[in-house]
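I opened this one to see how the rings and charges pair up, and how the chains meet. My notes follow in the order I looked things up.

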Amino acid sequence: MSTYRILRHRDIPNIASLDVYRAEGGFEAFHKAVAGMQPSDVLNEVKASGLRGRGGAGFPAGLKWSFIPNNLWPHYVVANADESEPGTFKDREIMESNPFQFLEGLMLASYAVQAHDAYIYLRGEFWQIAKSLDGKIAELEAAGLLGDKIYGTEYSLRLHTHLGAGAYICGEETALLESIEGNRGQPRLRPPFPAVYGLFGKPTVINNVETLANVPGIIANGTAWFREQGTEKSPGVKVFSLSGCVNKPGNYELPLGTTFRELIFNYGGGLPEGRSIKAIMPAGASSSLITADDRALDTPMDYESVAALGSALGSASVIVLDDSVNVAWMVSKTVEFFKHESCGKCTPCREGTYWMSHIADRIVKGDSRKEDIDLLNYVARQMQGKCLCALGEFSTMAVVTGIEQFREDFEKLQRS
Amino acid sequence: MAKKLVTLRIDEHTLQVPEGMLVVDAARKVNVDIPVFCYHPKMDPVGMCRMCLVDVGRPVIDRATGEVVKEADGSPKIAFGPKLDTACTTPVSEGMVVITNSDKVRAARKEVVEFILTSHPLDCPVCDKGGECPLQNLTMAYGPGTSRFIFDEKMHLAKHVPLGELVWLDRERCIQCGRCVRFQHEVVDDPVIDFFHRGRSLEIITDSEPGFDSVFSGNTTDICPVGALTTADFRFGARPWEMVSAASLCSHCPVGCNITYNVRREAKTGGNMVIKRAMPRQNEGVNEIWMCDKGRLGYHFTESKQRLSEPLVRKGGELVPAGWDEALDLVAQKLREAGSSLTVLAGGRLSNEDLFNLRRLADAAGGQAVLDTHMGGGDLAALAVERGAALIVVNPNETRLDKFATHTLRYNPGELLLTFGGFLESAAGKVFAEAENALVFYGSNGLGLQQSTYLAYAAAELLVKTGHYGKANNGLIPVWPKANSQGAWDMGFRPASNLGDQLRQSKAVYIAASDPAGDDPALAAALDEAKFVIVQDLFLSETAKHADVVLPAAAYTEREGSFTSGDRRVQRYYPAATPRGLARPDFIITAQLAGRLGVELPAAAALVLDQIAAQVPAYAGLSYQKLAEVHEQWPIIGRSDVYYGGTGYENKHGLGVQLPCAAERGEKIDLPAAANPVLPSVPAGSLLVIPVARLYDQGATLRPTALLDGRIARAELALNPETAEKFGLQAGGEALIAAGGWRVQVAVRVDSHLPVGLGLVPRSTGVPVFGPTAVTIEPVQVEIKA
C-alpha cells in the first residue's frame with residue numbers, strides 16, 4: 001500500500017507500466033463504474049467527495065460535471081495538461097510517472113458525463129509526455145479498456161492527445177478549446193460557458209490533470225476515505241510545487257490545510273544558511289504576494305485560508321522569496337512574463353502589460369522618474385476589472401501587492 | 001416569429017426592445033451612444049477593445065419564491081456586478097438597469113482610450129481617417145488630454161505595408177480591433193487576412209497571393225476605426241472635410257449598390273468637381289453598407305483623358321471636331337432621310353431616362369429600338385428578395401456558390417433544359433416545389449442570347465407550375481451583365497435576332513453606350529455597310545471609329561438619372577463630377593435631336609421620369625420625389641457620430657422603389673413554350689467553348705482604373721488537363737483560337753475542376769465568344785532564343 005494518493009510512483013516502482021498499475025488496483029474503479037454504476041452515480045460520488053479543481057480556481061469538480069446538459073450532444077471531456085503557470089510542475093510528474101492514474105481519472109470523468117471522446121491538451125514542450133501518453137493509450141486500447149463496447153457494455157471511449165504551440169494563454173480553458181479546434185489561442189467570451197458551449201461548440205468538461213488523478217481513488221475507496229485528508233471545505237491531498245529560495249524544491253503531496261511553515265521548513269528543508277524568508281507567492285507568477293510573517297506562515301494552505309490572506313492558493317505553486325530578493329526586480333520579471341504571454345485580444349492586457357513592463361524595467365535599471373512607482377501601481381489598477389480573461393488580471397497581482405507591501409524595494413532602486 | 005419584448009432602463013430612459021438585443025444596440029434606440037471600437041453591428045460581438053464598459057444591474061430574484069426582491073420603497077432591488085460589463089456582448093434582460101454616465105464608467109472609458117493611445121501615432125494631421133475617425137472622436141469625447149506614456153517607449157512600426165496593391169496597412173495606427181479580419185471571415189467568407197503574432201506584437205497579415213485577394217477588400221478600410229487600412233486609391237488623396245458627398249449608384253452591375261461619391265473642386269482640373277473616392281451608402285434592402293472593389297475603384301473612367309469632349313463629324317474621311325448644332329443638324333437630317341430604316345442600338349449602362357427618350361425617338365421615326373445584349377428573358381422578370389432559404393445551384397462548372405448551396409446540380413452546356421425537365425422529380429426539385437417562397441436567379445454564364453432566353457422561359461414555367469408566381473417574394477430574377485439592362489427591357493428595348501443583318505440593312509444606325517464593333521469583328525464589318533452611323537458614347541470606341549458622327553455623352557457620374565436593378569428596384573443617382581468638356585447627358589442629346597424632328601421630348605431628368613411613369617405601366621406612380629424618400633434604417637450608421645464608420649454611409653437621398661410584378665398589377669404574361677436550345681455542332685478536332693463572366697473584365701468603364709491592372713481578366717482559354725493535353729496545350733502557354741472569321745491569341749489556363757471537353761473564355765476580354773461556340777485551336781509555339 002502506498003502512503004501517497006497521487007504521487008504513488010514514489011513508493012511503487014514501475015507503476016507507469018500497465019501491469020504494475022493494474023496489480024496495484026488500477027482500473028478497478030473504472031471497471032466498477034462502467035460495469036456497475038450509472039453515470040450519474042459516478043458524478044454524485046465525486047460531487048459528494050467535495051473534490052475541488054486543482055488547476056487554480058478550486059471549483060468543485062462534481063458540480064462542474066453536473067452543469068453538462070443532457071439535451072445537447074455529444075459531450076467532451078478535456079484534460080488541461082498545459083501546466084503553464086511559472087512555478088508549477090506537478091502535472092508533469094503525474095503524467096510522466098503515474099500516467100495511468102491520470103488516464104483512469106479522465107476515463108471516469110468521461111463516463112460520468114457520457115463523453116465518447118476525450119482530449120488531453122499538453123503544452124508544446126511536453127511533446128515527449130504526449131508521445132508517452134499516446135503509447136499508454138494504445139496499450140489501453142489493446143487491453144480493451146478503451147475503444148468500442150468497453151467491458152462488453154454499450155460504452156465507448158477514445159482518448160486523444162493534442163499539443164499546444166507554446167502559449168501560456170492556452171492554459172486558460174476557452175483559449176485551450178480554441179487551440180484544439182485549430183484556431184488562434186485566444187480566450188472566448190463567457191457566457192456561454194464551456195459546460196454548454198465548449199469544444200466544437202458542444203458541452204465540455206475541462207479538468208486539470210491532478211484533479212482527474214484524484215477521481216479513481218474516490219470511486220474505488222469512497223467519499224469518506226477521500227475526506228480523511230484535508231479540511232472540511234478543501235478535502236483531500238494536494239501536490240504542492242515548491243520552488244524559489246528553499247533548500248529542497250520539488251513536489252510535495254500533502255493534505256490541503258498544511259501550513260506554509262510546514263511545507264517550507266519541514267518538507268522543503270528551509271532556506272539557505274543565513275537567509276530569512278521575505279515573501280511567498282502561493283500561486284506562481286499570478287499570485288498576490290504574501291509577506292512571510294508568522295501569521296502567514298501559520299496559515300493552512302487551503303482555498304479559503306489563503307484567500308483570507310488576500311491571495312489565492314491557485315495551483316499551489318509556492319515560490320519562496322528570501323531577503324536577498326528585491327521585490328521590484330521580481331515584479332519586473334512577472335510583468336515581463338505577462339507582456340510576453342498576453343494574447344493581445346483585449347486592450348487593457350495588451351497595452352497594460354506592455355506599459356507596465358517598460359515602467360518596471362526602468363525602475364530596475366535605475367532609470368525611473370520619481371512618479372514611476374505610483375504610475376506602475378496606477379496602470380496595474382487601471383487594468384483591473386477590464387480584461388477579457390484572467391490573464392490580464394493576474395498580471396497585476398504581483399505589481400499591486402508588491403508595491404503595497406514592499407515599496408521600499410522599489411524606492412531603493414530609484415536615483416535620489 | 002416576433003421576439004418577446006423586454007423592458008429595461010438605460011440611464012434615464014425606460015425602453016422596450018426585443019429579447020436578445022445587445023445593450024449597445026438598445027442604447028442607440030434611445031440615442032445613448034455607448035462608444036465602441038471592435039463592435040460592429042454587422043458582425044458578431046467579440047468584446048475585445050473594452051471601450052463599451054458600462055455598469056449593468058439586474059433585479060435580485062428571491063431563490064425560494066422566484067419573485068423579484070423589493071426595496072423599501074417598493075421598487076425592485078437591483079444588484080450590480082463587481083466589475084463593469086461590455087455593452088457589446090451583454091444581451092438585454094427584463095428589468096435590467098444600465099448606467100452609462102457614471103463617474104466609474106467615464107473613468108473606464110478614459111482609461112481604455114489611454115491604453116489604446118499608448119502606442120498610437122499622433123499623425124492625425126496627415127492621416128486619411130482624420131476628420132471621420134472614431135478614435136479621434138472618442139479621444140476628444142472621453143480620452144485624457146495628455147499622455148503619461150513616455151514617447152521613447154512607444155512602439156514604432158512600419159507605416160506603409162501593402163497588404164496587396166489595393167489596400168495598405170499602417171501598423172502603427174492599428175488598434176487590433178479585428179473588424180477587418182472578422183469582416184473577411186464572417187461577412188465575405190474570404191479569410192485572406194488574419195492576425196499574426198500576439199500581445200503588443202499582434203499584426204494584420206495577408207496570406208493570399210495576390211495579397212488581400214478578395215473583391216470586397218475595400219470595405220475593411222471603411223470599417224477600420226482608425227487610419228490603419230486605406231485604399232491605394234484614396235490614400236493621401238483628400239481630407240474628409242474638403243469633400244462634399246453626392247449620392248449615387250454603382251454602374252458596374254445590376255445589383256444597384258447605393259454609393260456616395262466624395263468630390264472636391266480641384267485647381268488642376270480647372271476648378272472642376274473631381275471624384276476622390278466611392279463609399280457605400282446604406283441601403284439595407286440592397287447593399288447594406290458594403291460594396292465590391294470593382295464599384296469602389298471603377299469610377300476612374302469619369303476622369304479619363306480618353307473621354308470625348310466635343311462632337312465629331314466625318315469630313316474627308318476623318319472625324320473632326322464640330323459644334324453641337326452642326327452635328328445635331330446633320331444627324332437630324334440623316335434620321336429624317338432614314339425614316340423607318342433607323343436602328344437605335346443601346347447598351348444597358350444607360351439610364352431609364354436615356355433609354356426612354358431614345359425609344360421615343362425610334363418610335364417617332366418608325367425605327368427599331370434594339371438592346372445590345374447577349375442575355376434574354378427580360379420581359380419575364382418579377383420580384384424579390386428574402387434571406388435564409390434553401391439554395392439550389394445549377395451550373396456547368398464549380399462556382400463559389402456551391403459552398404452555400406443546399407443542392408448542387410451540374411449539367412453539360414446545352415443540356416440545361418433537360419436538367420430542368422427532370423428537376424421537379426429530384427430531391428432539390430421537391431424542396432423547390434414545397435417552398436413557401438421560391439425565386440429563380442438566372443444568368444447567362446456559359447450561355448448565349450438564344451440559350452438564356454430559353455432558360456428564362458423554362459425557369460418561368462417552373463415557377464408557374466409550382467405556384468411561385470404572381471406574389472411578393474417569388475419569381476424570376478435575371479442577373480444582367482449591365483447595371484440597367486432591366487430598365488432597357490422595361491423601356492421597350494429588345495435584342496435583335498440577327499444584329500449583323502439589321503445593321504447592314506439600316507439607312508441610319510444610332511448607337512448609344514454600346515460597342516458592337518469592338519466586341520465582334522463581324523459587326524464591325526456590318527457597320528461599314530450601314531449608310532450612316534451615329535455613335536453617342538464616353539470614348540472613341542471601335543464603333544465610334546466607324547461612325548459618321550460622334551456625340552460626346554456625359555458620364556452617369558456627371559448628371560442625374562435612374563437605374564432599375566436586377567430585382568427591379570428603381571433608384572436615383574445625382575450629379576457628382578463636372579461634365580467633361582461639351583459632353584451632354586444622353587437624354588438631353590436625344591431630346592435635342594427629337595426637337596429637330598418635330599417631336600417634343602423632355603430634356604430634364606425628372607420630367608422624363610414623369611413621362612415614364614405615365615407611359616410604362618410598371619413604373620406608374622413613380623417620381624423623383626418618391627425615389628428620394630428615406631425611412632430610418634437599422635442599424636444606425638454613419639451619422640454625425642461615426643463610431644460605426646465614415647461619413648459616406650448616411651443615406652439622405654433615397655432608398656428607391658421596388659416595382660410590383662406583372663401579376664400583382666393584374667397583368668397576364670404569356671409564357672412562350674420552352675424548348676431545349678440548339679448547340680453548335682462540334683466537328684472533330686474542334687472544342688466547344690462557353691463564355692463566362694469575370695468581375696474584373698475589360699469593359700470600357702473599368703479599363704481606365706489602372707489600379708486594377710494586375711487583376712483584370714485577360715483573354716484566356718481555361719480547360720481541364722485532359723482536354724488541354726488532347727489539343728497539345730500547356731498550362732501557362734498560349735493558343736490561337738478561331739471560329740467563323742476571327743482568330744485570337746489567348747493564354748492557356750489548366751484547371752482540373754473544369755469538365756472534360758469544354759473550354760471557358762472570359763467575356764469582355766476581346767474574344768468574340770458570346771454563347772456556346774465550336775472553335776479550332778492551335779498551340780502557339782514559343783521560340784526560345786539561344
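**Charges over rings**

I started in chain B, where B:R277 lies over the face of B:F234, 4.6 Å from the ring centre. Worth keeping in mind for everything below: this is a predicted model. I then looked for another case and noted B:R235, whose charged end sits over the ring of B:W168 at 4.3 Å from the centre.

**Ring on ring**

Next I ran the aromatic search on the whole structure, and it gave 26 aromatic pairs over all chains. One of them is A:F337 with A:F338, an edge-to-face pair at 5.2 Å centre to centre, with 75° between the planes. I checked A:F338 for burial: its relative accessible area is 0%, so I put it down as buried.

Another pair I wrote down is A:W355 with B:F149, also edge-to-face. Here the centres are 5.4 Å apart and the planes make 75°. Why does this pair join two chains? Because A:W355 lies in helix α15 of chain A (residues 347-365), whereas B:F149 lies in chain B, in the loop between α3 (134-142) and β7 (161-162). Buried or exposed, I asked myself of A:W355? It counts as buried, since its relative accessibility is 1% and the cut-off is under 20%. B:F149 is buried as well, at 7% relative accessible area.

I also followed ring pairs through chain B and came to a cluster. Its members are B:Y261, B:Y299, B:F301, B:Y556, B:F563 and B:Y573.

**Salt bridges inside the chains**

On to charges. Side chains of opposite charge can pair when their charged atoms come close. Over all chains, the search of the whole structure turned up 73 salt bridges. I looked at a few of them one by one.

A:E93 and A:R10 meet through their side chains in a salt bridge of 2.9 Å, N to O. A:E93 is in helix α5 of chain A (residues 90-97) and A:R10 in the segment before α1 (18-23), so the bridge ties together parts that are 83 residues apart in sequence. I have A:E93 as buried, because its relative accessible area is 15%. A:R10, at 34%, is partly exposed.

Then A:R52 and A:E304, with a salt bridge of 2.5 Å, N to O. This pair links distant parts of the chain, 252 residues apart. A:R52 sits in the loop between α3 (39-49) and α4 (61-66) of chain A, and A:E304 in helix α13 (residues 303-308). A:R52 is the buried partner, with a relative accessible area of 14%, whereas A:E304 is partly exposed at 33%.

In chain B I picked B:R400 and B:D190, whose side chains form a salt bridge at 2.6 Å, N to O. They too link distant parts of the chain, 210 residues apart. B:R400 is in the loop between β19 (392-395) and β20 (407-410), B:D190 in the loop between α4 (179-188) and β9 (193-196). At 49% relative accessibility, B:R400 still counts as partly exposed, because exposed means over 50%. B:D190 counts as buried at 10%.

I noted a network in chain B too: salt bridges with shared partners join B:D123, B:K154, B:K159, B:D170, B:E172 and B:R173.

**Where A meets B**

Last stop, the interface. How many residues does the contact take from each chain? I get 31 residues from chain A and 34 residues from chain B. Between them the two chains bury about 2800 Å², with 56% of it on carbon and sulfur atoms. A:Y354, A:W355 and A:K386 supply 23% of the area that chain A buries against chain B, more than any other three residues. So A:W355 turns up again, after its ring pair with B:F149 across the two chains.

For charges across this interface, the rule finds four salt bridges. I also noted B:R200 and A:E351, whose side chains meet in a salt bridge at 3.0 Å, N to O. Polar contacts between chain A and chain B come to 21 residue pairs.

Which elements give two or more residues to the side of chain A that touches chain B? They are α14 (327-341), α15 and α16 (372-383) of chain A. The largest share of that side comes from α15(A), with nine residues.

Notes:
Residues are numbered from 1 along each chain as its sequence is written. Chains are lettered from A and ligands numbered from 1 in the order in which they are written. This is a predicted model: local features need pLDDT of at least 70, side-chain atom pairs count only at pLDDT 80 or more; totals for chains, interfaces and linings use all residues. Side-chain values use heavy atoms; hydrogens and water are left out. Rings of Phe, Tyr and Trp (its six-membered ring) pair if their centres lie within 6.5 Å; planes under 30 degrees apart count as stacked, over 60 as edge-to-face and the rest as tilted. Buried means under 20% relative accessible area, exposed over 50%, partly exposed in between (1.4 Å probe, protein chains only). Helices (H or I, at least four residues) and strands (E, at least two) are DSSP runs, numbered from the N terminus. A charge sits over a ring if NZ of Lys or CZ of Arg is within 6 Å of the ring centre and within 35 degrees of the ring normal. Contact means heavy atoms within 4.5 Å. Buried area is the accessible area (1.4 Å probe) that two parts lose on being put together, summed over both. A polar contact is a pair of N or O atoms within 3.5 Å; within protein, one must be able to donate a hydrogen and the other to accept it, and residues adjacent in sequence count only if both atoms are side-chain atoms.
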